[in-house]
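Notebook open, coffee poured. I want to look up a strand and its partners, then a couple of polar side chains.

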Amino acid sequence: ILCGADGSSLNNITIRGSDTLDNNGIYITYSNNVNITNSNSSENEYGIYTRYSDNINIINNTLNDNYYALYISTSDNGNYFNNTMNSNEYGIRTDSSHDGHFENNTLEDNSNSIYLYWDIDDWIITDNDIQGGSLGIYMSSGSDNNRIVNNIINTSATNMYLYSSSKSFEITNTSIINNTITRASYGIQIRQYVVNTTLYSNRIFDTYTRGIYLQNNNRTTSDSDLFYDNANDIYIDNTDSSPIIFEMVNATFTDSTGLLQNYTTLDINDIVEAHTGYTISWDSQPATLPSGYSIFENKFIDISHLTAGVSIDEINWTWTDADVTEYQEHLLHLWEYNTTNDWTLMNNTPDTTTNTLSLTDLNPASTYAILEGGLITECQTINQPGNYELANNLTDAGIAVTGITEITEACLVILSSNVS
C-alpha cells in the first residue's frame, strides 16, 4: 500500500494471491507521481488500484487472473503502457478519472477488457490488442472528448459499446479512428444519449449480428469506414420520439474478401425521423439485369427499411476515375430491384465531374445497383426507360413487329416511355 507516498517507484516486484485473503495487490491512494514498472501482480482482487492519485505511470507489468487487473478511480493524468492483462474479470476499469493514456497493452480473455465506467474525459485508448472475452471497450455515462485509435478488437459479444443511461449525462465528442473490429456479435454499438461521435477509417468485418448498431444517438458521422462480411453492415434504429442526425462519407461496402472489388461506396446525409430506421449491407447481383444493361464493377448494395415511412434525405453513390477506365461513365445509371423481379430506373444522369449518382427522399426497400446501359451494339428491343447510345451502325432488321400496317420487322423496337 502506498498512501501519501508521492514520488515513489516500485520496480520488479511480485505480488501473488492468497488462498485466504482477497485484498492482495498494489494499492495506491493519495499518492502522486508514482511509477510501477516491470512487476507482476496476479491472482489478486486488484492487480493495481489507484485512488485519488495523479500522474501515475504503470508500465510493462503483468496483471493476470485478478478480478480487476487495473482499477483507476479519481486519478488523473495516468500513463498505462505495455502491460499484459489476461484472464481477469476487468482488464482496466475506470471512474471519475481524466486525461488517461492507455497504450500498447495486451488483453486476452478478460470478461470486460476496457471498462470506462463514469465521468471519463480526455482519454486516449490506442494501439491495444484485445482478444477474447465478452466485451472489448465499454464507455458509460458522462464521458467526453475521448479518442479510441488503432486498436485491434476481437471478442465474442460486443467489441465496442457506448451507452449512457441518462440524457443528463450524455457521452459526447468521441472519436473512433482506424480500429480493426472483428468477429463478435456486434462490432460497434452506440446507443442512447451519445452525441457527436466520429468514426473514421475503421475496418469492421465478420460480425454475426451487426457491424455498427446505432440506436437513439445523435450526430454520428461515419467517414471512410470499411465494412465486409457482416450480417448487417450498418443498422440504424431510432426508437426515440425525436429525430437524430446521421452522416456517412466515403463508406465502403465490399464482399467477404474485404478487397476493393465487388464494392459500393456511399455518402449519406440524413435526419432519421422518430420511430424509423434502416439497414445497409453489401449485396450480390439479385437477378438478371435489365435488357441492354451490364454490371459496373459489381456495385450492388442492399438498403432496407425497418419501419414504414423511412425517407433518407440525401444519398450518393460514388466511384473513382480508376473505376471507369473501361466504361462509358455517362452511361452509368442507378437502378432499384425489388423481390417481384422488377427493376426500376432511379437516376440516369450521372455527375461525371464528381463521380456520383444521387437520390433524395429515398424510401429504401431493396437492392440498388449502378449499371452501365444504353450502349447498343446490335438490333434489339428496348423495354426499359433510359438514355441509349449507338456504338456502331446497325443493319439487318430482325425484330418482329405486329399491329402496324406494312411494317413487319425493325432493328430497334422501343416498348418503354422516357427513352432518349
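My entries below go from strand pairing to two single residues.

Entry 1, the strand. I am working on a predicted model. I started with β15, residues 112–121, and asked how many of its ten residues are buried. I got seven, so I'd call the strand mostly covered, taking under 20% relative accessible area as buried.

Entry 2, its partners. I found β12 (residues 90–98) running parallel to β15, with seven bridges joining them. I picked out one pair there: S97 has I120 of β15 as its bridge partner. I then checked β18 (residues 135–139), which is also parallel to β15 and joined to it by four bridges. I see I114 standing opposite I137 of β18.

Entry 3, S140. I located S140 in the loop between β18 and β19 (147–149). Is it buried or exposed? I have S140 down as buried, because its relative accessibility is 6%. I looked at what its side chain meets: a polar atom there lies 3.2 Å from the backbone oxygen of Y117. Skipping residues up to four places away in sequence, I list L116, Y117, Y163 and I171 as touching S140.

Entry 4, D237. I placed D237 in strand β30, residues 234–238. Which side chain of opposite charge is nearest to D237? I found R210, 6.3 Å away; D237 is buried yet has no salt bridge. I did find a polar contact of 3.5 Å between the side chains of D237 and Q215. Leaving out neighbours within four places in sequence, I noted contacts of D237 including Y213, N216, T276 and L306.

Conventions: Residues numbered from 1 in each chain as written. Predicted model: local features only at pLDDT ≥ 70, side-chain atom pairs only at ≥ 80, totals over all residues. Heavy atoms only, no water. Buried < 20%, exposed > 50% of the residue type's maximum accessible area, 1.4 Å probe, protein only. Pairing = 2+ DSSP bridges. Polar contact = N/O pair within 3.5 Å; in protein donor to acceptor, adjacent residues only side chain to side chain. Contact = heavy atoms within 4.5 Å. Lys, Arg positive; Asp, Glu negative; His and termini not counted. Salt bridge = Lys/Arg side-chain N within 4 Å of Asp/Glu carboxyl O.
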